[in-house]
Amino acid sequence: MFLSLKKKARVHSPWIYHFHTGGCNGCDIETFATLIPRFDIERFGVKLVSSPRHADIIIVNGPFTKQFVPMLLRVYNQVPNPKIVIAIGSCALTCGVFNRNGEENYALAGPIEKLIPVDVCVPGCPPKPEAIIQGIMYAIQKLSSL
């Protein structure tokens, strides 16, 4: 009974932690645009939290720099299981404009999925808020099946 109630609460009111790994902030602006009244992601029960310990879903965007490796691992380990990771933007998925034809960059650790498992990918530079909302809805579906 308690487990089903907990699962129901996660699906109907998922809490999201936003993690930025650097870059131009274009994906950040579009991610936060989903919270404004025009798009209003909170109508689906989604809430942005300031601590990863309270989150069900992690949103990661920006080119994944080597300086953020220990911080991203720490944040990922602090989110309780089951957890979903959403990579937003071409920088998070492929290092975007910082990827020089697959050559290794001295500052980048590579795509985020190289370090942590990514469950949902939202491509674009930057992706529109509608695409981010669709990715979050897909993440909620995956969260309900865990």
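Which helix gives the largest share of the lining of the largest cavity? I would like to begin there, and I should say at once that what we are looking at is a predicted model. The answer is helix 2, residues 26-33, which contributes three residues to that lining, the largest share of it.

Let me stay with the enclosed spaces for a moment. When the whole structure is searched, two cavities of 30 Å³ or more are found, and the largest of them holds about 100 Å³ of space. Its lining is made up of 14 residues, and those nearest the centre of this cavity are C24, G26, C27, G62 and C91. If we sort that lining by class, six of the residues are nonpolar, seven are polar and one is charged.

The second largest cavity holds about 80 Å³ of space, and its lining includes I16, F32, L35, K47, I132 and I136. Helix 2 appears here as well, since this lining takes at least two residues from each of helix 2, strand 2 (47-48) and helix 5 (129-145). By class, the second lining has nine nonpolar residues, two polar ones and one charged one.

From the cavities I turn to the open spaces on the model, where the largest pocket has a volume of about 180 Å³. There are 15 residues lining this pocket, and C95, E103, E104, N105 and G110 are the ones closest to its centre. The lining of the largest pocket divides into five nonpolar, five polar and five charged residues.

One of those central residues deserves a second look, namely N105, which sits in the loop between helix 4 (90-94) and strand 5. Is N105 buried or exposed? N105 counts as buried, because its relative accessible area is 14%, which is under the 20% that marks a buried residue. To place N105 against another part of the chain, its C-alpha atom is separated by 21 Å from that of P126, a residue 21 positions away along the chain.

P126 brings me to the backbone, and to the peptide bonds that are cis. The bond from C125 to P126 is cis, with omega near -15°, and P126 itself lies in the loop between strand 5 (120-122) and helix 5. The bond from N81 to P82 is also cis, with omega near -5°, and P82 is found in the loop between helix 3 and strand 4.

That loop also contains K83, placed between helix 3 (69-78) and strand 4 (84-88). Which side chain of opposite charge is nearest to K83, and how far away is it? It is D119, at 9.2 Å, and K83 is buried yet has no salt bridge. The side chain of K83 does, however, have backbone oxygens around it: a polar atom of that side chain lies 2.6 Å from the backbone oxygen of Y76, and the backbone oxygen of V79 lies 3.1 Å from a polar atom of the K83 side chain.

Another positively charged residue to look at is R10, in helix 1 (residues 2-12). R10 counts as buried because its relative accessibility is 15%. Although R10 and I140 are 130 residues apart along the chain, their C-alpha atoms are separated by 8.4 Å.

I will finish with two residues whose phi angle is positive although neither is a glycine. For N25, phi is near 75°, and this residue belongs to the loop between strand 1 (15-20) and helix 2. With a relative accessible area of 37%, N25 is partly exposed. For D40, phi is about 50°, and D40 lies in the loop between helix 2 and strand 2. D40 is partly exposed too, with a relative accessible area of 28%.

So helix 2 is a useful landmark when you open the model: the loop holding N25 comes between strand 1 and helix 2, the loop holding D40 comes between helix 2 and strand 2, and helix 2 itself supplies three residues to the lining of the largest cavity.

Methods: Residues numbered from 1 in each chain as written. Predicted model: local features only at pLDDT ≥ 70, side-chain atom pairs only at ≥ 80, totals over all residues. Heavy atoms only, no water. 1 Å grid on protein atoms, 1.4 Å probe; cavity = no way out; pocket = protein on both sides within 12 Å on 5 of 7 lines; lining within 4 Å. Points joined across faces, edges and corners; volume = space filled by probe spheres on them. Nonpolar A, V, L, I, M, F, W, Y, C, P; charged D, E, K, R; others polar. Helix = DSSP H or I, 4+ residues; strand = E, 2+ residues; numbered from the N terminus. Buried < 20%, exposed > 50% of the residue type's maximum accessible area, 1.4 Å probe, protein only. Lys, Arg positive; Asp, Glu negative; His and termini not counted. Salt bridge = Lys/Arg side-chain N within 4 Å of Asp/Glu carboxyl O. Polar contact = N/O pair within 3.5 Å; in protein donor to acceptor, adjacent residues only side chain to side chain.
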